[in-house]
Amino acid sequence: MGRNEKQGVMGQERWQFAPITEVSSTVDLRIMETTDLHVHLHPYDYYADCPNPDLGLVRLSELVDQARTEVPNCLLFDNGDFLQGTPVGDFFAYDRGLKDGDLHPVMAAMNAMRYDAITLGNHEFNYGLDFLMKSLAQAEFPVVSANIAKTLGAGPRNDLCLVKPYKLIRRKLVDRAGLAHDICVGVIGVAPPQITIWERLNLHNRIQMRDMVTSAAAWVPEMREAGADLVVMLAHTGIGPLRHTDGMENAAIPLARIDGVDLLLTGHSHQVFPSRIFADIPGVDIEKGTISGKPTVMAGFFGSHLGVIDLRMVREGGRWRVIGSRVENRALRDASMMFMRPDRGPRTQPMRSPKVRKIVARAHDMVLENIRQPIGRTTAPINSFFVFLGQSASTALVADAQRAFVARRLADGPFAGLPVLSSVSPSKAGGLGGPRNYTNVAAGPLTVRSLADLYTYPNRIAALKLTGAQIGCWLERSASCFNQLHDGLEDEMLLNPAHPAYNFEIIYGLEYDIDLTRPARFEGDGTPIDLRNTRVRNLRWNGQPIVPDAEFILCTNSFRAHGAGGFAGAAPENVVFEDPAITRDILREYVRTKAHLDIDPQGPFRLQFRTGKSAILRTGPAAFNHMDAISAFEPEIMGVDKKGFMRVRVQL
């Protein structure tokens, strides 16, 4: 079959197109990606304090070792968000700390795994710039990011970047005949420009951001001029809108259209690509694993997958040409399956990585000792299984701690007379995190681990001054997580999976209803659908209806207060209180002041629909032991779906 249909900068063609060249001169190059590790090093769930073999860099290193035995030429990259996300990250940032010259366990593990380059994600900045730079100082590989700058110049190529915008990696590739060839691989990184908004308090205007597409488009030609034969984009961004808009957060599709980029490693949105959830998007081919003809991969999160892009290449006329590509994700969940080795046949177990295991084990033991320290006691279970039904002691406890802290600090100031409300979203409530991703603390002793399970993020406390109208719109944004339910249709799904649980904000201190017969006002990303749509009804404070121009203090976190999620009034000009205190530390001190916790799990809202209407709630299987908490909904267990979530029929 003849060659045709060239795709991408280097003329990428599918495997089925036979190249007009000797097979022996073909070079096989494997590009591997990890992304959104969030300090999941050991295969362990620190929140549940038990092993979890489906995540972690230790087990992922076994897949990397195995993948390296299958192809003679391999490169390994990380796509960002590696520094924060578990008690391991918090321990090394807050409890133990890093001195100059100290080796962070993430960097130690990556050094041992021989990464070729990494880029920065937004969560690298959660602990401040100084901690980040100390962590990166011991990396034995390049760190690249083209749109994060210390100072901005007249254009992207005039910026003083925080780290190198790109790196040229020179390697020798061995072809199928055993002959060596030189290649120069250019690696460039980008991250969401919202970093300076989300981490305003941490960064103190110490970095500046540019648009990802604008920056990459400026730097890639320089990479080509400098000799890059192949350009790899480490894009810490999700697959979002088709059209480029300045400052967009999920820009993989516009980035793929940049001339000179050969392939993309993506992330940030904790999804897997290629997969069916991206079907029917113009320019996206989930069968070939391409965006705009460029091979693209996204390898899940927490070390759940190893992303693999295999390229077949030939060198002709002094230039490299890609003649085929294949994209796949290897899941840790399937790691016990047989791997085929072209040279030696089947292998039933991945290789072990003793050096990485030893590095991670030391950190793991220290963290376990730390998180098992007792700090209080609860008389009842604290979980988030039924947070969308208005039953959640986990969010209620965080709300109480936030409100007590802020009210005490504002008691003598100019805002002392205003009502103090507290807005909380569940840290863990299923979603992409899977059926185990729920807060689940048993009655009895509370430990440091328990509080990490209640509140997983290192956010700082903050408060906004908002009007009654803004409060109402804030709640409409939250209520958009529910599907619209219809008369005559039974067992409709209660929740819209396109709306992340972390954007389900509950405001404690109010009373309100959510009318599920009405359409949503917002899309999952906060884009308005129709501002006339109203689901929030009977909004009351202290038993009285809220008037639009009434003023309130709303406790929240620094991430939300500065605009994350697009909630009404969440902007720096409305912030009236900020404190360096981490919300989890505030929660810890609140628990310590109580002889024991007796938390009312009843939330401030009620779901409205016709009497007798049923709907299906997806929750974790561990909720089975807590069904009495929602007895008013007459729950009926309908089994477990293919993703492991328990389906519960509830009567509204």
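Visitor: Which two helices have axes that come within 10 Å and cross at roughly 80°?

Guide: Helix H2 (residues 87-95) and helix H9 (residues 354-371) do. That crossing makes H2 roughly perpendicular to H9. Keep in mind that this is a predicted model.

Visitor: Which residues of H2 and H9 meet?

Guide: Start with the general idea. An α-helix has 3.6 residues a turn, so residues three or four places apart point the same way. Now the case here. From H2 come Pro87, Val88, Phe91, Phe92 and Asp95. From H9 come Ala363, Met366, Val367, Asn370 and Ile371. Sorted by class, the contact of H2 with H9 holds eight nonpolar residues, one polar and one charged.

Visitor: At what angle does helix H3 pack with H9?

Guide: H3 (residues 105-113) and H9 pack at about 175°, and their axes lie 9 Å apart. Angles over 145 degrees count as roughly antiparallel. Therefore H3 is roughly antiparallel to H9. On the H3 side the contact uses Pro105, Ala108, Ala109, Ala112 and Met113. On the H9 side it uses Lys355, Val356, Ile359, Val360 and Ala363. Here the classes are nine nonpolar, no polar and one charged.

Visitor: How do I read a sheet?

Guide: Strands of a sheet pair through backbone hydrogen bonds, either parallel or antiparallel. One open sheet here has four strands with mixed pairing, in the order S32-S31-S30-S35.

Visitor: Which strands stand at the edges?

Guide: Strands S32 (544-545) and S35 (605-608) do. Each has a single partner strand, so one side of each is left without a neighbour in the sheet.

Visitor: How many bridges join S30 to S31?

Guide: Three bridges do, between residues 511-515 of S30 and residues 536-541 of S31. These two strands run antiparallel. To locate one bridge, find Ile514; its partner in S31 is Val536.

Visitor: Which helix packs on the sheet?

Guide: Helix H12 (residues 468-479) does, touching S30 and S31. The direction of H12 makes about 135° with that of S31.

Visitor: How many residues of H12 are buried?

Guide: Nine of its twelve residues are, so H12 is mostly covered. Among them are Ile471, Trp474, Leu475, Glu476 and Arg477. As for length, H12 reaches 16 Å from its first C-alpha to its last, close to the 16 Å expected at 1.5 Å a residue.

Visitor: What span should helix H1 have?

Guide: At 1.5 Å a residue, the 14 residues of H1 (residues 57-70) should span 20 Å. The end C-alpha atoms of H1 are 20 Å apart, which agrees. H1 is also mostly covered, with 13 of its 14 residues buried.

Visitor: Which residues does a cis peptide bond join?

Guide: Phe273 and Pro274, with omega about 5°. Look for Pro274 in the loop between strand S14 (272-273) and strand S15 (284-285).

Visitor: Where is Phe302, and what is its phi?

Guide: Phe302 lies in the loop between strand S17 (294-299) and strand S18 (305-316). Its phi is near 60°, a positive value in a residue other than glycine. At 21% relative accessibility, Phe302 counts as partly exposed.

Visitor: And where is Asp491 found?

Guide: Asp491 is in the loop between H12 and strand S28 (492-493). Phi of Asp491 is near 60°, a positive value in a residue other than glycine. Asp491 counts as partly exposed, at 27% relative accessibility.

Note on methods:
Residues numbered from 1 in each chain as written. Predicted model: local features only at pLDDT ≥ 70, side-chain atom pairs only at ≥ 80, totals over all residues. Heavy atoms only, no water. Pairing = 2+ DSSP bridges. Contact = heavy atoms within 4.5 Å. Axes fitted to C-alpha atoms, helices over the stretch in contact; angles between N-to-C directions. Parallel < 35°, antiparallel > 145°, perpendicular 65-115°, else oblique. Nonpolar A, V, L, I, M, F, W, Y, C, P; charged D, E, K, R; others polar. Expected span 1.5 Å × (residues − 1). Buried < 20%, exposed > 50% of the residue type's maximum accessible area, 1.4 Å probe, protein only.
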